[in-house]
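Here is a short set of exercises to work through with the model open beside you. Try each task on your own before you read the solution.

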Amino acid sequence: MSPTAVALPRERGPGHVPMLWLIAAMTLVTLPFLSSLPLWLPVALAGIAGWRWHGERRGLPPPSMLTRVAISAAVIAGLALGGSIGLGLEAAVPLYVAFLWIKLLELRGERDVLMGCYLSCFLAGASLLTDQGALRTVYAAVTLVVVV
């Protein structure tokens, strides 16, 4: 019996509509932290989201591992050089937000979209650590509804 070559299916992402919903939910949970992020980070993360969503709309496969590692390393280096990495909530927020958005680069299916939703829920809860007022609580609840 000779081995037969099995054609592997082309790697695909979750689809542009679920990704758009995830980007919207991630935007909502990130908004309370904008004042604690370096100015360049939201611009870079919006670029990552736009690039990934555009690629998903066109049916392109997710970026390679080398690309993901390079982007992650560049973001970590930028945060480290800017003094935004350290101990405590204020120092951890920029790194967590960056990694949440970099997660878009590795979305391959429904499981990965759900992981993005879980991480977004965690960030919505973390926003209550910085402000526990009624307005922030209502905002966190609304963002959780959008995420779910």
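## Exercise 1: Two residues of one helix

Trp-40 sits in helix H2. The model is a predicted one, so keep that in mind throughout.

**Task.** Decide whether Trp-40 is buried, partly exposed or exposed, and find how far its C-alpha lies from that of Val-75.

**Solution.**
- Step 1. Start with the relative accessible area of Trp-40, which is 36%.
- Step 2. Buried needs a value under 20% and exposed a value over 50%, so Trp-40 is partly exposed at 36%.
- Step 3. Now look along the chain: Trp-40 and Val-75 are 35 residues apart in sequence, and their C-alpha atoms are 10.0 Å apart in space.

**Task.** Do the same for Pro-42, with Pro-62 as its partner for the distance.

**Solution.**
- Step 1. Pro-42 also belongs to helix H2.
- Step 2. Its relative accessible area is 28%, so Pro-42 counts as partly exposed.
- Step 3. Pro-42 and Pro-62 are 20 residues apart along the chain, with 21 Å between their C-alpha atoms.

## Exercise 2: The overall layout

**Task.** Describe the secondary structure of the protein chain, its dimensions and its share of buried residues.

**Solution.**
- Step 1. Count the elements: there are six helices and zero strands.
- Step 2. Written in sequence order, this gives the pattern α-α-α-α-α-α.
- Step 3. Along the principal axes, the C-alpha atoms fill a box of roughly 70 × 35 × 30 Å.
- Step 4. The protein chain has 148 residues, and 36% of them are buried.

## Exercise 3: How helix H1 packs

**Task.** Helix H1 (residues 16-30) packs with helix H2 (residues 40-57) and with helix H5 (residues 110-130). Work out the relative direction in each pair.

**Solution.**
- Step 1. For H1 and H2, the angle is about 165 degrees and the axes are 9 Å apart.
- Step 2. Angles over 145 degrees count as roughly antiparallel, and H1 and H2 are therefore roughly antiparallel to each other.
- Step 3. For H1 and H5, the angle is about 15 degrees, again with axes 9 Å apart.
- Step 4. That angle makes H1 roughly parallel to H5, the cut-off being under 35 degrees.
- Step 5. Finish with the handedness: H1 passes H2 in a left-handed crossing, and the crossing of H1 and H5 is left-handed too.

## Exercise 4: Salt bridges

**Task.** How many salt bridges does a search of the whole structure find? Take three of them and describe how covered their partners are.

**Solution.**
- Step 1. The search finds four salt bridges.
- Step 2. One of them joins the side chains of Glu-56 and Arg-52, at 2.9 Å from N to O. Both residues lie in helix H2, four residues apart, which is about one turn of the helix. Glu-56 is buried, at 8% relative accessible area, and Arg-52 is buried as well, at 3%.
- Step 3. Another links Glu-106 with Lys-103, at 2.8 Å from N to O. Here Glu-106 is partly exposed at 32%, while Lys-103 is buried at 14%.
- Step 4. Arg-111 pairs with Asp-112, and their closest N and O atoms are 3.6 Å apart. Arg-111 is exposed, with a relative accessible area of 67%, whereas Asp-112 counts as buried at 10%.
- Step 5. Finally, check for shared partners: Arg-68, Lys-103 and Glu-106 are joined into one network by salt bridges.

## Exercise 5: A surface patch and a buried arginine

**Task.** Which residues make the nonpolar surface patch of about 230 Å², and where is Ile-85 placed?

**Solution.**
- Step 1. The patch is made by Ile-76, Ile-85 and Phe-99.
- Step 2. Ile-85 lies in the loop between helix H3 (65-81) and helix H4 (89-102).
- Step 3. With 38% relative accessibility, Ile-85 counts as partly exposed.

**Task.** Place Arg-136 in its helix, classify its exposure and give its C-alpha distance from Ala-70.

**Solution.**
- Step 1. Arg-136 is part of helix H6 (residues 134-147).
- Step 2. Its relative accessibility is 17%, so Arg-136 counts as buried.
- Step 3. Arg-136 and Ala-70 are 66 residues apart in sequence, and 35 Å separate their C-alpha atoms.

Methods:
Residues are numbered from 1 along each chain as its sequence is written. This is a predicted model: local features need pLDDT of at least 70, side-chain atom pairs count only at pLDDT 80 or more; totals for chains, interfaces and linings use all residues. Side-chain values use heavy atoms; hydrogens and water are left out. Patches are made of residues with over 30% relative accessible area and no salt bridge: like charges are joined within 9 Å, nonpolar side chains (Val, Leu, Ile, Met, Phe, Trp, Tyr) within 5 Å. Accessible areas come from the Shrake-Rupley method with a 1.4 Å probe; for residues, only the protein chains shown count as cover. Helices (H or I, at least four residues) and strands (E, at least two) are DSSP runs, numbered from the N terminus. Buried means under 20% relative accessible area, exposed over 50%, partly exposed in between (1.4 Å probe, protein chains only). Axes are lines fitted to C-alpha atoms, for helices over the stretch in contact, and angles run from 0 to 180 degrees between N-to-C directions. Angles under 35 degrees count as roughly parallel, over 145 as roughly antiparallel, 65 to 115 as roughly perpendicular and the rest as oblique. A crossing is left-handed if the near helix is turned anticlockwise from the far one by less than a right angle, and right-handed if clockwise.
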